[in-house]
Amino acid sequence: MLLPLYTYPENKKANPGPAGIGTMMLFDPAETYGRKPNIAPIIFERLATSFDRRPSPEDILYYIYAVFYSNIYREKYAEFLKIDFPRVPFTANCEIFERMGELGKELVDLHLLRSPLLDVPIAKYRGRGDNNKIEKVKYDEARKRIYINDDKYFDNVAPEVWNYHIGGYQVLRKYLKDRKGRVMDDAPRYCRIITAIQKTIELQKKIDEIYAELEKNDIIIFDSESGNNG
């Protein structure tokens, strides 16, 4: 399922042809309707009323992203998340909204591997010999190493980073498992992924601190027709 932040409506303006016959022109250069936020207008309206300013679609995206990465939120609504789409508790407190949004943006940048925090990875690719083939993936918890064969490994990988799951998958294991039999030719990228997970865990702790405040403050309630419920 894809839930884009913006939609781009097709321009279906009738364009008379040379013989006077109307034709449908897509993406007519003479006129464009531009992009449209894929967010219910009522959400913008209610947030603008609470904050005395209208948040941008990106502001809302970053806030939601942070909420969904709150461990408190995930644990509290675990049973509901198994059977239905997640519901977003929109805070009526502008400061909390902005603080959550800032952390959400940091998470987005980490997960797109474009954060400057990844420029100095916490892990390094080490070992001896010329064998860089991904043969047998093994994690050495005592040494905090991920081995791809008997000789080569990634170091400084904490157990919580190695065991980190997204969408039911153990991220670091799956990455290597899907490439088994291939040469490890993207070690720097894998080191950045390791670092991104470590930073994500750190940010989740900060998010939980704010989320605890969020639930103590007023929550904006949307009716069922708005497409979102607080």
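**Close-up 1. Glutamate 98 and its salt-bridge partner arginine 53.** In this predicted model, glutamate 98 counts as partly exposed, at 33% relative accessibility. Its partner, arginine 53, is likewise partly exposed, with a relative accessible area of 30%. The two form a salt bridge whose closest N and O atoms are 3.3 Å apart. Arginine 53 sits in the loop between helix H1 (41-51) and helix H2 (57-68), while glutamate 98 belongs to helix H5 (residues 94-111), so their pairing ties together parts that are 45 residues apart in sequence. As a friendly reminder of the chemistry, side chains of opposite charge can pair when their charged atoms come close.

**Close-up 2. Arginine 99 meets glutamate 213.** Which parts of the chain does this pair link? Here the side chains of arginine 99 and glutamate 213 come together in a salt bridge, at 3.1 Å from N to O. The link joins distant parts of the chain, with arginine 99 in helix H5 and glutamate 213 in helix H8 (residues 187-214), 114 residues apart. Are these side chains buried or exposed? Arginine 99 is partly exposed, with a relative accessible area of 27%, and glutamate 213 is partly exposed too, at 32% relative accessibility.

**Close-up 3. Lysine 174 with aspartate 178, and a shared network.** Lysine 174 and aspartate 178 form a salt bridge, and their closest N and O atoms are 3.2 Å apart. Lysine 174 has a relative accessible area of 31% and is partly exposed; aspartate 178, at 46%, is also partly exposed. Elsewhere, Arg53, Asp59 and Glu98 are joined into one network by salt bridges that share partners. If you would like to look for others, a search of the whole structure finds twelve salt bridges.

**Close-up 4. The largest nonpolar core.** Now for the nonpolar side chains: how many residues does the largest nonpolar core have? This core has 53 residues, and those with the most contacts inside it are Phe90, Met100 and Leu172. Two or more residues come from each of H1, H2, H5, helix H6 (159-162), helix H7 (171-177) and H8. Of these elements, H8 gives the most to the core, with 13 residues. For general background, in soluble globular proteins nonpolar side chains tend to be buried together.

Methods
Residues numbered from 1 in each chain as written. Predicted model: local features only at pLDDT ≥ 70, side-chain atom pairs only at ≥ 80, totals over all residues. Heavy atoms only, no water. Salt bridge = Lys/Arg side-chain N within 4 Å of Asp/Glu carboxyl O. Helix = DSSP H or I, 4+ residues; strand = E, 2+ residues; numbered from the N terminus. Buried < 20%, exposed > 50% of the residue type's maximum accessible area, 1.4 Å probe, protein only. Core = buried A, V, L, I, M, F, W, Y, C linked by side-chain atoms within 4.5 Å.
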